[in-house]
Amino acid sequence: MGGGVGGQHAESEKAARTRAREQASVSVTADNVAQQPPEIAAEAGRRRTFAVISHPDAGKSTLTEALALHAAAISSAGAVHGKGDRRGVTSDWLEMEQARGISITSAALRIDYGGCVLNLLDTPGHADFSEDTYRVLSAVDCAIMLLDSAKGLEPQTLKLFDVCRARRMPVITFVNKWDRPGREPLELLDEVEQRIGLRPTPMNWPVGIAGDFRGLIDRADGSYTKMHRTPGGATRAIEERMDPAQAAEVEQEAWVQAQEEVELLGEIGAHFDEESFLAGVSSPVLFGAALPNFGVSQLLDVLVGLAPAPKDQPDAAGVGRPVTAAFSGQVFKMQANMDKAHRDRMAFVRVNSGRFERGMVLTHAATGRPFATKYTQAVFGSERSTIDTAYPGDVIALVNAAALSVGDTLYVGPKVEFPPIPSFAPEHFAVARAKDVGRYKQFQRGIAQLDSEGVVQVLASDVRGEQAPVLAAVGPLQFDVVKHRMEHEFRAPIELAHLDYSLARRTDAASAPAAHALSGAEVLTRRSDGELLVLVHNKWRLRVIERDNPNLVLEPLLAGGVETDN
Ligand code: G4P
């Protein structure tokens with residue numbers, strides 16, 4: 001308006017310059033958004049990026065295979081995958097993993113289904129925790145909580161669910177192994193509601209008790225899908241759709257009982273509600289059995305229909321970066337040594353905005369340096385394929401990524417930086433020493449490298465000295481990875497002496513000397529960010545310390561918003 005022109009006389013030169021700069025930068029940003037390929041919004045809208053959280057043995061690998069099989073079976077009708085094939089997508093990079101038959105690494109499996117691209121990020125399946133598991137959850141928009149119908153909520157599921165809750169992440173619940181004897185469905189739902197406060201809203205309901213799984217009632221329209229096994233569960237289950245009258249005739253008693261339970265669900269108002277689902281307050285529940293592929297297409301349909309597409313990600317200043325803006329992404333995982341033929345280091349990047357094209361030169365926000373992307377891959381397990389284009393929600397693997405660290409932002413155009421991925425509260429601590437003092441240089445290099453990759457957190461103090469850093473981990477398996485890599489990759493075998501601490505608190509420079517003088521506690525500096533951490537034996541000792549020293553700064557470490565109870 002005219003006021004702006006009149007006001008210019010009063011505006012100082014400096015203010016005018018600042019305003020011009022701001023306008024210029026706004027127009028650069030606007031240009032940048034305007035120049036983006038028009039399909040980005042649509043491509044982002046059809047992405048569903050999720051992870052499965054579960055306790056070991058609940059059936060995560062089986063479900064992953066079933067989802068892939070299902071989607072593949074649809075695109076290449078008649079494809080038969082034996083169990084041998086099913087093992088094909090499990091992660092098996094490190095020799096140690098192969099020896100133990102466990103999966104330590106994480107990658108993404110892409111499934112094309114129902115016009116959507118489903119990106120399933122793999123989380124480690126073993127009993128020990130590692131920070132990787134948590135970091136993967138920072139790169140997804142939704143989680144599937146997989147429960148064993150006989151066991152209900154188990155410890156690892158609870159821990160992972162806490163991370164989802166802290167991030168207010170939408171959670172879909174899949175009750176697995178319904179083909180085996182298990183618990184009452186209503187009892188399982190009750191457990192979910194009572195123990196974790198997540199309101200279950202069943203999307204379907206099983207006909208036949210656990211162990212006598214006949215099929216599923218779709219609560220939306222009351223229709224019935226009878227499931228028929230295929231030999232060995234190697235292909236998709238055969239699904240026979242029936243209307244309620246037919247179903248009543250075929251299933252008899254089991255149908256009557258299931259109907260009564262469905263009516264009860266209606267009476268207690270257990271209906272799907274989008275708002276509370278997206279806020280992580282209620283959870284759509286599905287029943288099934290991954291092994292014979294029962295209920296898998298229903299789960300895929302819910303992912304496509306209800307799971308959220310990638311949203312605008314807040315940058316470090318809290319401003320949402322539109323998914324349609326120029327390319328940006330964040331490293332959520334580093335992986336070394338995936339290919340024995342050449343020692344490479346790979347960065348897994350979740351695309352947050354824009355279109356990624358192989359060959360693009362990105363800017364590394366932490367250093368301002370260019371990062372060439374000639375070699376970019378989609379990786380799952382031992383399979384790799386070159387990736388040419390990616391959209392928000394997709395995961396790309398950048399090779400030769402020695403300069404990158406977990407949490408780093410890469411972008412094109414005007415600078416953007418996403419907030420760091422929180423480092424999680426360590427619960428296991430050990431002092432590392434080089435077995436061969438003659439290889440101290442390699443020892444130092446290896447420890448620094450593993451620290452920057454986020455394999456463990458490295459803590460140090462003047463008292464302990466450079467030769468004896470303290471390694472801090474969320475799960476003890478991280479120590480095994482460090483030992484293995486120090487020996488085989490850096491040729492600097494180490495000894496680890498476990499420390500009798502089980503929790504850490506953040507302190508400040510003023511409180512550090514007093515905290516260090518406490519018995520049963522020690523102050524160390526975290527190398528990656530310079531934070532001062534107080535290590536304490538256990539929560540009882542901490543309580544005494546807090547009671548006796550009310551003025552000491554002892555802040556809980558945010559494990560992605562989660563404080564573990566130890
Ligand atoms: P995880 O990745 O969560 O650790 O579990 P995984 O898929 O390996 O499954 C653990 C066990 O549970 C496997 O049996 C698997 O076959 C079985 N399982 C998974 N889903 C179902 C299901 O829906 N129904 C039934 N009946 N079993 C299921 P295993 O004996 O340990 O291994 P395997 O010999 O079958 O390979």
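1. A salt bridge is taken here as a side-chain nitrogen of Lys or Arg within 4 Å of a carboxyl oxygen of Asp or Glu. With that cut-off, a search of the whole structure, which is a predicted model, returns 26 salt bridges.

2. One of these salt bridges joins D141 and R350, with 3.2 Å between the closest N and O atoms. D141 sits in the loop between α7 (131–137) and β4 (142–148), whereas R350 belongs to strand β15 (residues 345–353), so this pair ties together parts of the chain that are 209 residues apart in sequence.

3. Turning to the strands, the model contains an open sheet of seven strands, whose order is β2-β3-β1-β4-β5-β11-β6 and whose pairing is mixed. The edges are formed by β2 (108–113) and β6 (199–202), each of which pairs on one side only. On average, and with direction ignored, neighbouring strands of this sheet are turned by 30 degrees against each other.

4. At the β2 edge, the neighbour is β3 (residues 116–121), which runs antiparallel to β2 and is joined to it by six bridges. As a specific position to inspect in this pairing, R110 has N119 of β3 as its bridge partner. As general background, strands of a sheet pair through backbone hydrogen bonds, in either a parallel or an antiparallel manner.

5. Finally, on the subject of surface charge, E253, E260, E263 and E267 form a negative patch on the surface. Among them, E263 is placed in helix α11, which covers residues 253–267. The residues admitted to such a patch have over 30% relative accessible area and no salt bridge.

Key: Residues numbered from 1 in each chain as written. Predicted model: local features only at pLDDT ≥ 70, side-chain atom pairs only at ≥ 80, totals over all residues. Heavy atoms only, no water. Pairing = 2+ DSSP bridges. Helix = DSSP H or I, 4+ residues; strand = E, 2+ residues; numbered from the N terminus. Axes fitted to C-alpha atoms, helices over the stretch in contact; angles between N-to-C directions. Patch = residues over 30% accessible without salt bridge, like charges linked within 9 Å, V, L, I, M, F, W, Y side chains within 5 Å. Areas by Shrake-Rupley, 256 points an atom, 1.4 Å probe, with all protein chains shown as cover. Lys, Arg positive; Asp, Glu negative; His and termini not counted. Charge placed at Lys NZ, Arg CZ, Asp CG, Glu CD.
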